[in-house]
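Here is a short briefing for a first look. Keep the sequence and the structure open while reading.

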Amino acid sequence: MIERTLAIIKPDAVKKRFIGRIIQRIEDEGFEIKGMKMVHLTKEEAEAFYHVHKDKPFYESLTDFMSSGPAVVLLLEGENAIKHWREVMGATDPAQAKPGTLRRLYGFSVERNAVHGSDAPETAEYEINFFFN
Ligand code: DAT
Ligand code: MG
């Protein structure tokens, strides 16, 4: 099934000049890039994007980080794109992520973990509409 998902190259990975490597991987994995732009989220936008986590202890820090600098958002399309992209990203905590995954390669900590990906069709729809129209 052809699906769409939202990917973000987070501010830590942009700052460390990993944009090119991550986009190369996206293309090598066979995703079609249907949309792409650089954004610098405001704190309010980061809070809205991560509203499902508003009661988590890391919400404040996460939304500070996500609004701390430019990020690259990508609309990806492909066969089982949601699951495929999450496999390429690896586990949330880079230390737990499998070798070769983007978070293992480029993530620094559970918060500064280089990339984002939607986790289900409903969240993908919300997240895609958040950035693309
Ligand atoms: P994922 O990004 O793998 O879908 P998530 O949706 O549970 O993970 O959390 C969203 C982001 O919040 C995650 O990429 C990094 C941050 N985060 C998650 N758990 C955290 C924790 N225990 N401490 C600090 N940040 C955390
Ligand atoms: Mg998530």
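Just after helix α5, G90 takes a positive phi of about 90°. This is a predicted model. The points below start with α5, then take in the strands, the cores, helix α7 and the aromatic rings.

**Helix α5**
- Helix α5 covers residues 81–89.
- A81, I82, H84, W85, V88 and M89 are its buried residues.
- Seen down the axis of α5, these buried residues fall within an arc of 170°, so they line one face of the helix.
- An α-helix has 3.6 residues a turn, so residues three or four places apart point the same way.
- The buried residues of α5 pack against three strands, β1, β3 and β4, and against the helices α2, α6 and α7.
- W85 touches residues far along the chain as well as others: leaving out those up to four places away in sequence, its contacts are T5, L6, A7, I22, I26, F31, L76, L102, V115, H116 and G117.

**Strand β1 and its partners**
- Strand β1 spans residues 2–9, and six of its eight residues are buried, so the rest of the structure largely encloses it.
- Strand β3 (residues 71–79) runs antiparallel to β1, and eight bridges join the two.
- Within this pairing, L76 of β3 stands opposite T5.
- Strand β4 (residues 115–117) also pairs with β1 in the antiparallel sense, over three bridges.
- There, H116 of β4 is the bridge partner of I8.
- In a regular strand the side chains alternate between the two faces of the sheet.

**Nonpolar cores**
- The largest nonpolar core holds 20 residues.
- I9, I22, L74 and W85 have the most contacts inside this core.
- Two or more residues each come from β1, α1 (11–15), α2 (19–28), β3, α5 and α6 (102–106).
- Helix α5 gives the most to this core, with four residues.
- Apart from this core lies another, of 17 residues. Among them are I8, V39, L41 and A71.

**Helix α7**
- Helix α7 runs over residues 121–131, and A124, E127, I128 and F131 are buried in it.
- These four cover an arc of only 100° around the axis, which puts them on the same side of α7.
- The face turned away from that buried side carries the exposed residues E122 and E125.
- The buried residues of α7 pack against β1, β2 (32–39), α3 (43–49), β3, α5 and β4.

**Aromatic rings**
- The count of aromatic pairs comes to seven.
- One of them is F49 with Y50, an edge-to-face pair at 5.0 Å centre to centre, with 90° between the planes.
- Both F49 and Y50 are buried.
- Y126 and F130 make a tilted pair, with 6.0 Å centre to centre and 50° between the planes.
- Both of these residues lie in α7, four residues apart, which is about one turn of the helix.
- Are Y126 and F130 buried or exposed? Y126 is partly exposed, with a relative accessible area of 33%. F130 is partly exposed too, at 27%.
- F49, Y50, Y126, F130 and F131 form one aromatic cluster.
- The charged end of K37 sits over the ring of F132, 5.1 Å from its centre.

Conventions. Residues are numbered from 1 along each chain as its sequence is written. Chains are lettered from A and ligands numbered from 1 in the order in which they are written. This is a predicted model: local features need pLDDT of at least 70, side-chain atom pairs count only at pLDDT 80 or more; totals for chains, interfaces and linings use all residues. Side-chain values use heavy atoms; hydrogens and water are left out. Buried means under 20% relative accessible area, exposed over 50%, partly exposed in between (1.4 Å probe, protein chains only). Two strands pair if DSSP finds at least two bridges between them. The arc is that of the directions from the helix axis to the C-beta atoms. Contact means heavy atoms within 4.5 Å. A nonpolar core is a set of buried Ala, Val, Leu, Ile, Met, Phe, Trp, Tyr and Cys residues joined through side-chain atoms within 4.5 Å. Rings of Phe, Tyr and Trp (its six-membered ring) pair if their centres lie within 6.5 Å; planes under 30 degrees apart count as stacked, over 60 as edge-to-face and the rest as tilted. A charge sits over a ring if NZ of Lys or CZ of Arg is within 6 Å of the ring centre and within 35 degrees of the ring normal.
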